[in-house]
Structure formats: C-alpha cells, structure tokens
There are 2 protein chains.
Amino acid sequence: MSKLPRVAVLGATGAVGQEFIRLFEERDFQFASLKLLASKRSAGKKMMVKGKEYTVEEAKPESFENIDIALFAGGSISKTLAPEAAKRGAVVIDNSSTFRMDPEVPLVIPEINPEDIAKHKGIIANPNCSTIIMLMALKPIYDISRIKRIIVSTYQAVSGAGKDGIDELLDEASAIAKGETYEPKILPSASLPKHYQIAYNVIPQIDVFLDNEYTKEEMKMVNETHKIFHDDTIAITPTAVRVPVIRSHAESIYIETERPLSTDEVKKAVQGFKGAVLVDDIKNMVYPMPLDTSNKTDVAVGRIRKDLYCKNGINLWVCGDQIRKGAALNALQIAEYMMNHDMI
Amino acid sequence: MSKLPRVAVLGATGAVGQEFIRLFEERDFQFASLKLLASKRSAGKKMMVKGKEYTVEEAKPESFENIDIALFAGGSISKTLAPEAAKRGAVVIDNSSTFRMDPEVPLVIPEINPEDIAKHKGIIANPNCSTIIMLMALKPIYDISRIKRIIVSTYQAVSGAGKDGIDELLDEASAIAKGETYEPKILPSASLPKHYQIAYNVIPQIDVFLDNEYTKEEMKMVNETHKIFHDDTIAITPTAVRVPVIRSHAESIYIETERPLSTDEVKKAVQGFKGAVLVDDIKNMVYPMPLDTSNKTDVAVGRIRKDLYCKNGINLWVCGDQIRKGAALNALQIAEYMMNHDMI
C-alpha cells in the first residue's frame, strides 16, 4: 500500500463499532483519516480513538466522499448506504446480512477464502458470527478431508443482539436479584412481536422463522458455509439457540468427513491453523468456555473426539468471541489484507 | 393395593428430596407412614409434609425396617444403603446412577417401559435426567418408526448439581452484579479438582471424563437409552453441556428414523403421548423454553422440523424440569404404578 487509507466506521457507537475502535488501538491499525458515523440520534457524541477525540457524525450518502475503506457495523442501514459508499469509490466491508448471498459480493473469512476479496465490486460482506466461528474450526479439518455433513447446535451470546441485548441480560439478572420485575423488549429480536426473558433461560429462536421452519440465523449457517467453502454439497443441519452469556458464542458440532480421521490428525490440523487455537486437555479439565474466549482473538476448539458409531464422525466444541472474530475483527482483517496486498 | 405403603425418603433435605415432598402434596400421594432420612448433618431438622411436621432422622441400615417403599434422592450413599433397604423388604426406587446398568435392576420410565418394573429384586433404578427428558420426546416417535440415530446436544440446568448448584449460580450472579468476586466450588462437579463460573458461562463438562473421551453424563444417555428402549443398535452421539439455567434442561436433538416421517406424523405422535406436550407454533413464537417448563410435569417438545438433507432426519427441541420429571416425579410415578398394580 502506497498511502494510508481514509477510513469511515458506520455504527461507531454500537457494540461492533466500539470493537472496531478497540481493535484500531490493539492492532495499531493505520489510517490517514477517520470518520465516525452513526444514526442521527448518536450524532454529536464524542469518542476517543488512539488518544484523539472524534465527533460522531450522522451517516448520509455524502459522508462517504473521499473514503477508501468503509467499515459497516451492521443493521438495515447497510442496504441503502453501502451502494452509496461504493458508488463514491469506497470499499465497503459490511457486517449486515444484506449482501452476503449476492453473487456479485464476496463473502470472506480472510484465513479461509482471501482469494475471493479480489472479485469485489465495491462491497465485501462479512459473514454471520456463528458461521465464522464454526468455519474457523472446520476449515483446517476440511483441508485434510472434505466434510460431507455438519450437525450443529449453537449456544449464542446476547451480544449478537447488540449492546441492547447485553444490557437486557444484565438488567434482567439484576432485577431478579432484587426481586423486581423486568419487561423484556429486545430478545429474541427487537423487531419481533413477542419478547422473552433470557436471564436463567434459553431461547431456541434467533432472528425470524422462514418457510422451511428454520430460522434465518440457522439458514445463514447453511448458505454462508456453502458460499465461503465453495462447496454446495455439504449437508448442514443447524439449530441456533440464545443462551444467557454476554459476548462469546459456543457451538456443539458433529461432522462427517470423506475419510475417517484420527483425533490426533484433527488436533494437529487445528493447531496449525492461524486464527484457531486448540484448547483440548480433558484430563486437566481444559476445554473452550465462552468466559475464557471473551475478548480473545482466536477461535478455541476442544473436546475433539471420535463418534462412537460412525467411523467418519468427529465431535467438537468450539467457542469464539462474537463481537470480535464474529464481527469487527474479521471485517478489519479483510481491510488489513487489502492494505497488505495493495488492493486499496 | 390393599394397604397404604410405609414410605421413607432418603435425602429429604436436598433438591430432589424437597421435590418428593412437594409432589406428595400436589399428587395427594397416600402413605400409611412417612420417614424422612438424610445425612447426620441434617438429622433433627423439621420439615412439613401435607400439613404435618416430621423430624429428619439420620439414615442407617436399620432405618429401613418396616418400610415398603424407599425413595432414594440420589448420591453415593445409595451404594451402601439401597441393598440394606432391599434386604429388609423395602422396594428401593433409586435416583443415583449406581445400579442403573446392573442387569438385575430394572431402569424405568413408567410411560415407556413399565413392564420392566415387575422384574425387580428390591431395587428399581430411576434414569438420568437428560435421558428421561430425551426419551419422553423420542418414545412416541420410536413407536411409529424405529430410531436408528440420535445426535443430541444438551443445555442442562444447574439443579443437576443439586441445591448447591442452584445456590452457586445465584450467588455468582449476585456477586457479579455487586462487582464482588466469587470463588466457584461446585460446578462442573463438587468432587472435581477445578471449578468454573457458570453465571454468564457455559461448561461443556458434566460429571467426569471417561477413557473414550466422553463424559459419564454423556455415556449415561447412550447406555440408559439402550436399556430403556431394549435396543442396543441405536447410534447415539451425545454432548452434555451445563448452562446458567436454574432447573429445567433443554436438548437439541437430531434423529434418523427407519422410514421418513412427516412433521405432522411426529407432532400427532407427540400429542398422543401421556407425559409429553407439543409446544410447537413457530408462527406465534411458541416453542419450549426452560423457564416455561420449570415446575411443570410434562416434557415439552417443539421446533419439530424435517432435516434439510436427510429424508429420514428430524430435528426437535425439548425441555423438561430436571428435578421433577428428570428425577423425583419419575421415581414417584414408579411407586404409584406399583401401588396401582398391587406390586407393593
């Protein structure tokens, strides 16, 4: 890269937006200029980034004039503003689900399919958090033997519903402790007609139900996996569940591979894969847990064991930070990849 | 039954013991006499049962003289006291795992295999909570087409670790709310060398690890299912996980049946099965949740949907009260069955 990029963050005040800012500092991400954008409601707010104060501006199409990289934190606003930003010459890295399945838009996990980045036409989509966390564990295995079958049940943190989701869980727990009542208004999803308590509960619905009786969240895990792996033949069975955890997702994953793999082979493959970390020492009660992977960069993989009945079956337990690798970090890694490969 | 039974409850002061007492009142369970037994530590404690005060006595072999039904709440004490009680003529209904796989001991869910009760030689074993809750959902399906394959991931409440488990979750949440620290000492299991926070966390270990890298809890789901269904050929893949929920377990279950079933067939079968209740109306966001099944008798079954790839595959989501149908209620139903069939 010859020049440092001019960067904009859309949705700077939300959970993912704030994570972008934390990562700018942590990774010493370099930019020529930075613009923090949000809805009208948050405009005027001051935020510190790398020791400098920035004022949040209201996001408008013209906000993206003279921007090289636009990091979109997610939400329905992407639909209108991403094309506007792209039209003005910015590369949009979009965390919403809007463009993920668009054949013109690459869907990228930089450790898995960085070669797709070059095909972009102004917008690059960041995959769904559950998909990223699952595939960071499965890619090293897929590389030693194709995966034919995935049956996955998720244990997803409330951060997937944004800052409001985190606040709701903590407010509920605190109200219950005081013997007070609390009226849920966010989970499973703010836009739905009913809301359920998540504290001391588990909700088997994330996002809306589709005609096939799976939720949109579950179908993201199917469709996005096919697109990222460039393999539509993988049979995927997802169940997406919200649990009272703050910011790290867990997933119980059963896979069937083309040839039988030993657990040693799988462990070695995971160990050798950048972005994944093997956390698997059951003799010492060591396995991934959401509390341990919160605010961590790597996706943790453990409880790797052969299926008891199917010789090609392997079970694993995976945890990863939803806001970090599941959202902001993955998007920022796409930007970094482009910068390092003179694509900006 | 000609005469009312003389009943003893062992472990009366624990979570399951207290549930026995609640169920005696709720179901108007009739007995000629009642003895409440516990460890030395709890002896002398007063407890109200059906409006009458009882004093807890220390459990000894001779406590079971002149007892017809001995309800054992669980724990390692069963190993020594169950044979002593049986020797003295009591029928022991034991909630511990000690005798479950003993070929001389029937393992019974009264709605599923009541015919096994008659084979007892003084001890009848109550299955593990996760097994009971899973099989209450699967039995009606098994009856219309044999189940060949089960892949299950559990979301288990802390009540499985007893009253201490519940207290630990609540104490942790309250300490965190006040910004205080709390040193976990119960979960995953009091007897293990390490303990982990369960509040806002998920722990992929219940009970100890075995040589095959599955936990004892997971293997209970395999072995007990085979014994209760009298079918060793079912291929079962379990992952048992503790979640911060108080007293109701949830399970994400994938099954493959011998012939392809429609979701309507499955729903009808579940609806017609006593002890299970269909909670499945996704259009109105109706599905089982642990908060809704706590303190409820029936096991709730929902999110019944065809697998996307395997025509014989069905997915379901099941919730049931761990202390109730998962333990005390199932044991009491065994006693009631015996009383109604002149077996006591």
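Hi everyone. Before anything else, one term: when I say two residues are in contact, I mean that they have heavy atoms within 4.5 Å. Please also keep in mind that this is a predicted model.

Let's begin with how the two chains meet. In this model, 65 residues of chain B are in contact with 65 residues of chain A. Now, which surface does each copy use? Of the interface residues of chain B, 100% are also interface residues in chain A, so the copies meet through the same surface.

That leads to the symmetry. Chain B superposes on chain A after a rotation of 180°, with 0.0 Å of shift along the axis and an RMSD of 0.0 Å. The two copies are thus related as by a two-fold rotation axis.

How much area is buried between chain B and chain A? About 5300 Å², and carbon and sulfur atoms give 62% of that. If you want residues to look at on screen, try B:Tyr200, B:Met285 and B:Tyr309: they supply 15% of the area that chain B buries against chain A, more than any other three residues.

There are charged pairs across the interface too. The count between chain B and chain A is 4 salt bridges. One of them links A:Arg303 with B:Glu218, and there the closest N and O atoms are 2.6 Å apart.

Now for the empty space inside. The model has 2 cavities of 30 Å³ or more.

The largest cavity holds about 100 Å³ of space. Its lining has 18 residues, and those nearest the centre are A:Ile151, A:Ser153, A:Ser252, B:Ile151 and B:Ser153. Strand 9 (147-155), strand 10 (235-239) and strand 11 (248-257) each supply at least two residues of this lining, in chain A and in chain B. By class, the lining has 8 nonpolar and 10 polar residues, with no charged ones.

The second largest cavity holds about 80 Å³. What lines it? From chain A we have Leu169, Ala173, Ala199, Tyr200 and Pro244, and from chain B we have Leu169, Ala173, Ala199, Tyr200 and Pro244. Helix 4 (162-177) of chain A and helix 4 (162-177) of chain B are the elements that give two or more residues here. By class, this lining has 10 nonpolar residues, no polar and no charged ones.

One residue comes up twice in this story: B:Tyr200 is in the lining of the second largest cavity, and B:Tyr200 is also one of the three residues in that 15% of buried area.

That's my tour, thanks for listening!

Note on methods: Residues are numbered from 1 along each chain as its sequence is written. Chains are lettered from A and ligands numbered from 1 in the order in which they are written. This is a predicted model: local features need pLDDT of at least 70, side-chain atom pairs count only at pLDDT 80 or more; totals for chains, interfaces and linings use all residues. Side-chain values use heavy atoms; hydrogens and water are left out. Copies are superposed by least squares on the C-alpha atoms of residues with pLDDT of at least 70 in both. On a 1 Å grid over the protein atoms alone, a cavity is a set of points where a 1.4 Å probe fits but cannot get out, and a pocket is an open set with protein on both sides within 12 Å along at least five of seven lines; lining residues have an atom within 4 Å of a point. Grid points are joined across faces, edges and corners, and a volume is the space filled by probe spheres set on the points. Helices (H or I, at least four residues) and strands (E, at least two) are DSSP runs, numbered from the N terminus. Ala, Val, Leu, Ile, Met, Phe, Trp, Tyr, Cys and Pro count as nonpolar, Asp, Glu, Lys and Arg as charged, and the others, Gly among them, as polar. Buried area is the accessible area (1.4 Å probe) that two parts lose on being put together, summed over both. A salt bridge is a side-chain nitrogen of Lys or Arg within 4 Å of a carboxyl oxygen of Asp or Glu.
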